[in-house]
Amino acid sequence: MDQSTLALGVEAIGCAAFDAGIKGAFGYPGTPSTEGFEYVEAMIHAAPEGRVAHWAANEKVAYDMAMGVSYAGHRTFVTMKHVGLNVAMDAYANSALTGVRGGLVLLVADDPGMHSSQNEQDSRKLAEFAWLPCLEPSTVQECYDFTWKAFELSEALQVPVMIRLVTRLAHCRAALLRRPILAPTGLGVAPKNTIQDWVLIPSNARRRYLDLLAKQPRLVENLSSMNQLVPGTSRQGVAVAGMGRAYFNQLLLEYPALTALPRLEVAAYPVDPQLEQAFLAQVDDVFVFEEDYPVLEERLGLRGSAKVHGRLDGAVPRTGELTPRQLKNALSLIVSESREAIALDLPVRAPRFCDGCGHVDAYEAMQEALKNVGAPETRVFGDIGCYTLAAQEPMGAIHAVVEMGASISMAVGAAMAGQTPSVAVIGDSTFGHSGLPALLTAADSGVNVTVMILDNRVVGMTGQQVSQALDQVERMVLGMGIPQSQVQTLTPLPKQHDANVKAVESALRHPGPSVLIFRRECIQSMRRGVLKEHDRELKACAEQACCSEPASATSEARP
Amino acid sequence: MSDPRTNSRIHGIVLSGVGGQGVLSLAQILLEALRRSGLHALQSEIHGMSQRGGSVHAMVCFSQVPLTSPIIDEGSADLLIALEPLEALRYVSMLRMDGHLVVSEEPQMSMEAYPPIDDVYAALKAVRGAHLIDTEDLARRLKHKQAGGMALLGMASMFLPVTNEVWFDVIRQRFEAKGVSVTEKNIEAFQAGRGLIPVPA
Ligand code: SF4
């Protein structure tokens, strides 16, 4: 066997981005996309040669940074999970109009089945919405090869190119054959005669929109080699994409009779309508196997010439992750004999807070304070992070979790509608990601909200990446206009419980906005020493008084 | 198991346990060992918020021919390796009729409503092809707290087409950074586990 590298699907994409000569990689952590950035970050760390890798405060910022690198004439790479693309959507949709200079490749990891997400939206729809190409690999090697292809396409067509994959492939580990590494090269900054393309005032934007639409046939043409029609003798066919393609290809090994089925293999969007028509002409019935939304299924169905089966008619379950068993069921294949079910009720083992996690102490203080002010039934607005676990019983401490940053704005809205007290709970990185504008509005409105910022100094849930808000939370809060007298920093430890309860009570009683910062480092990041070096430097810096304002609070808050 | 080097069947292993027990690390050792044995292998893992004590599982598929699906269907696993008894029960339906289960008897009770442990053991003993191992006792005997995972791997190795030489190489590579004594302790645990399974006919 070859001496190739073993890598996860997302890592293969990161690796290819490095090998294809990127100058800059950016992203915001989110399962299952995180390792894609971390892989390229580690490679860049080992051999910088002028390359940079940087986690951004949020996905939009990451995407904008990538656009800047592209504008400057270099290849660039940006990563996020599917819901992160909602945050970056303004940038992504408009970058279709500006176009790119250096190749820009966007990795988006979708999460059908919602293993660790709040929805299972399909990023292919967003690529279609933006009139941009989307490549969809089905194996780890394709993750790598398609990324190279994406850079070439991006530069040839002068548009950003999305690589879309799903959890199953993102977290599939397999052997990978790499190509020779390209050094980062520069095309030079976007030339003068293209400046107006990047200035999306209405007069330019109208022209660029027409350009984008006019580009569509070329786009289809350039992608056409990635999609193919494999003829067969049957009048029943299959259309497969992504993991549907991977699962079907494997079924071909186990059930050779399936080769009789004509099949449409899709790996790039938009798909050539002529190819779809040629396929449909060969069949009366089609089974469509794709992850998430019925994208191909709807397109093929609209043509009306064959009966199309998939998620819409129930041949495949309407929601959730696609499985090989679903393919077998849809195709009425005989499955192997199964064992009898275990005659025992198996309760789920839900994830829980790590032992000693400071979030628990913060929530306990909050719950007791709400009792003490006579409002134990208060509905608390939560946010996205480890602290979301508090929504589970028996703790039941937060009562809404929607999307990054929603806690503060929802609490402000509820307060405006008369809810008192109105409480928001948000983590430090989520606060940096989307809580800042919400807090600006909270301060401006002057309504009675209590915002608890659970500052564990890292992005706990996705593997303890250093938080962008590290050591800055107080200053950020004050900068948004919350008065100093209404900002308190607390240490969430059992021995501080009584003092913390009092502090929360006083914030709840205060008629305007107040902020409580509960700071204690994540147990996992402490164990791994993520911030050890940082804190050592900080301490040395404070001792030498080498800057006028030594970053506050970190040492004081250490448990 | 029929020797996968002489047939083209797709073989599968399911690993299960609780976040933090090392399920994914075992899966990676398996993947590497199978690959070095000349087989095509893929590994799939689901670890949303795994470090916080939820259920974790991984799958490893291997075959003589190149594979594209990282997951296997119910009733098609040759082997289930479970680091925790209750987590074993969740995946028994993945096993083939002639598949094997190697499972640690040591429960991780930190969850709501863990069923009575005797019911769990009874259910496990009723599984055809089950091999239970008292990892707690083994760890005590070997004076090695984390011996359990490696011992399970050792047991599992009796059903896999990988030579001892390859296993030791992969284990050594895995623990290299932690020093010679850690590596040797792990090899010792692996061999202790291996010794608990009679050589299959
Ligand atoms: S990873 Fe960190 S923040 Fe998350 S539950 Fe564990 S200790 Fe708490």
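Here is a friendly exchange about how the parts of this predicted model fit together.

Residues are numbered from 1 along each chain as its sequence is written, and chains are lettered from A and ligands numbered from 1 in the order in which they are written. As the model is predicted, local features need pLDDT of at least 70, side-chain atom pairs count only at pLDDT 80 or more, and totals for chains, interfaces and linings use all residues, while side-chain values use heavy atoms and leave out hydrogens and water.

Colleague: Happy to dig in! How many residues of chain B are in contact with chain A?

Modeller: Contact here means heavy atoms within 4.5 Å. On the chain A side there are 52 residues, and the number for chain B is 56 residues.

Colleague: Which three residues supply the most of the area that chain B buries against chain A?

Modeller: Buried area is the accessible area (1.4 Å probe) that two parts lose on being put together, summed over both. The two chains bury about 4600 Å² between them, with 58% of it on carbon and sulfur atoms. Of the area that chain B buries, 16% comes from three residues, more than from any other three: Arg35(B), Arg52(B) and Thr68(B).

Colleague: Nice. Which residue of chain A forms a salt bridge with Glu87(B)?

Modeller: The rule asks for a side-chain nitrogen of Lys or Arg within 4 Å of a carboxyl oxygen of Asp or Glu, and it finds 5 salt bridges across the interface of chain B and chain A. In the one with Glu87(B), the closest N and O atoms are 2.5 Å apart, and the partner is Arg349(A).

Colleague: Which element gives the most residues to the side of chain B that touches chain A?

Modeller: Helices (H or I, at least four residues) and strands (E, at least two) are DSSP runs, numbered from the N terminus. The elements of chain B that give two or more residues to this side include helix 1 (23-36) and strand 5 (95-104). With 7 residues, the top contributor is strand 2 of chain B.

Colleague: And what stands opposite Arg173(A) in that strand 2 of chain B?

Modeller: Two strands pair if DSSP finds at least two bridges between them. Strand 8 (residues 172-176) of chain A and strand 2 of chain B pair in the antiparallel sense over 2 bridges. Opposite Arg173(A) is Gln43(B).

Colleague: Turning to chain A alone, how far apart are the centres of domain 1 and domain 3?

Modeller: The bounds, from an automatic or database domain assignment, are 3-225 for domain 1, 227-330 for domain 2 and 358-528 for domain 3 of chain A. Taken over C-alpha atoms, the centres of domain 1 and domain 3 of chain A are separated by 34 Å.

Colleague: How many salt bridges are there between domain 1 and domain 3 of chain A?

Modeller: These domains bury about 900 Å² between them, 52% of it on carbon and sulfur atoms. In contact are 14 residues of domain 1 and 12 residues of domain 3 of chain A. The salt bridge count is 0.

Colleague: One last thing: which are the edge strands of the open sheet in chain A?

Modeller: The sheet has 5 strands in the order 15-16-17-21-20, with parallel pairing. Strand 20 and strand 21 (residues 514-519) of chain A pair over 4 bridges, and Thr489(A) stands opposite Ile517(A) in strand 21. Pairing on one side only, the edge strands are strand 15 (380-381) and strand 20 (487-490) of chain A.
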